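Work through the two exercises below with the model open. Each task is followed by its solution.

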Amino acid sequence: MSFKKILFNKITLNVLAGVILVFALIFGTQVMLDKITRHNHEITVPDLTNKSVAEAEKIVEANRMRLEVVDSVYVKRMGKGLIYRQNPSAGSKVKEGRRILLTINAVNAKKVMMPNLIGYSMRQAKAEILSKGLQIGRLNYVSDIATNNVLRQFCGSREIKPGTLVESGSRIDLELGLNYDDCVTYAPAILGTRYMNAVEAVHDNSLNVSQVIFDETVRDYADSLDAVVFRIEPDYGEEPLLMGTELSLYLTTDVSKVPEPEEEDTEENIAENTDLL
């Protein structure tokens, strides 16, 4: 049989057609999967706090994100109906179509039931407090066998019992245990961080905010939410701190006041500097 006859033999043609079809299906499936899963395509979640839901919808529309109001709190100084908290938080990496869950500032104060935090760890207590629309207040440490174990809970100056109705947005102070074999923490790197996120980071590191000082660029409550930390006092740097240590935060809306991070002495930087000598 000649080569030409073999080439155009029906069986050979069917096999070639099948191979081409398989490759086409594989390629088509890969393309479809990439489109469906948005392979290697992530979006940075914008900061929606202190904005109305309508404003937030315009911001996320271009990235095909979805917004859903899931809760509300009441903050007296904040504009009614503005976004108080979001999840995922600003700066998170997500795929298109992700739902952004919003907590907004309610028109009227609502009452919530005080949870029982006794015996919780600091992190568990914080999660429970925030889930109720309350805020973390002062962290008071006393000698105990277990560090960061909640011993007592306060609202204002009085100890508060579980089940008591309190206004949403109230600050809850915690009395926490401190074992002196496990009592050290470090100041968080919060220069350039916005007000509420900075305070949260301080609490996450088992520290207190003694005072918040705004400069002349902060004229109202809305400005305060947009303000960023440009100075911390005392500046402990990387020095270990006793849990409960107090920090003063200085904030501004002028980001040029935020100092540039110091360049780390990495091996690459050391090599570059050596070459210049």
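The exercises cover a pocket and a sheet.

This is a predicted model, where local features need pLDDT of at least 70, side-chain atom pairs count only at pLDDT 80 or more, and totals for chains, interfaces and linings use all residues. Residues are numbered from 1 along each chain as its sequence is written, and side-chain values use heavy atoms, without hydrogens and water.

**Exercise 1.** Describe the largest pocket and its lining (on a 1 Å grid over the protein atoms alone, a pocket is an open set of points with protein on both sides within 12 Å along at least five of seven lines; lining residues have an atom within 4 Å of a point).

*Solution.*
1. Start with the lining: 38 residues, with Y84, R85, Q135, M196 and V199 nearest the centre.
2. Assign elements (DSSP runs; helices are H or I, at least four residues, strands E, at least two). Those giving two or more residues include β3 (83–87), α5 (195–204) and β13 (208–214).
3. Find the largest share: α5 gives six residues.

**Exercise 2.** Lay out the open sheet that contains β13.

*Solution.*
1. Write the order: β13-β16-β14, three strands with mixed pairing (two strands pair if DSSP finds at least two bridges between them).
2. Find the edges. β13 and β14 (228–233) each have a single partner strand, so one side of each lacks a neighbour in the sheet.
3. Check the β13 pairing. Six bridges join β13 to β16 (residues 246–252), and the two run parallel. F214 has L251 in β16 as its bridge partner.

Key
1 Å grid on protein atoms, 1.4 Å probe; cavity = no way out; pocket = protein on both sides within 12 Å on 5 of 7 lines; lining within 4 Å.
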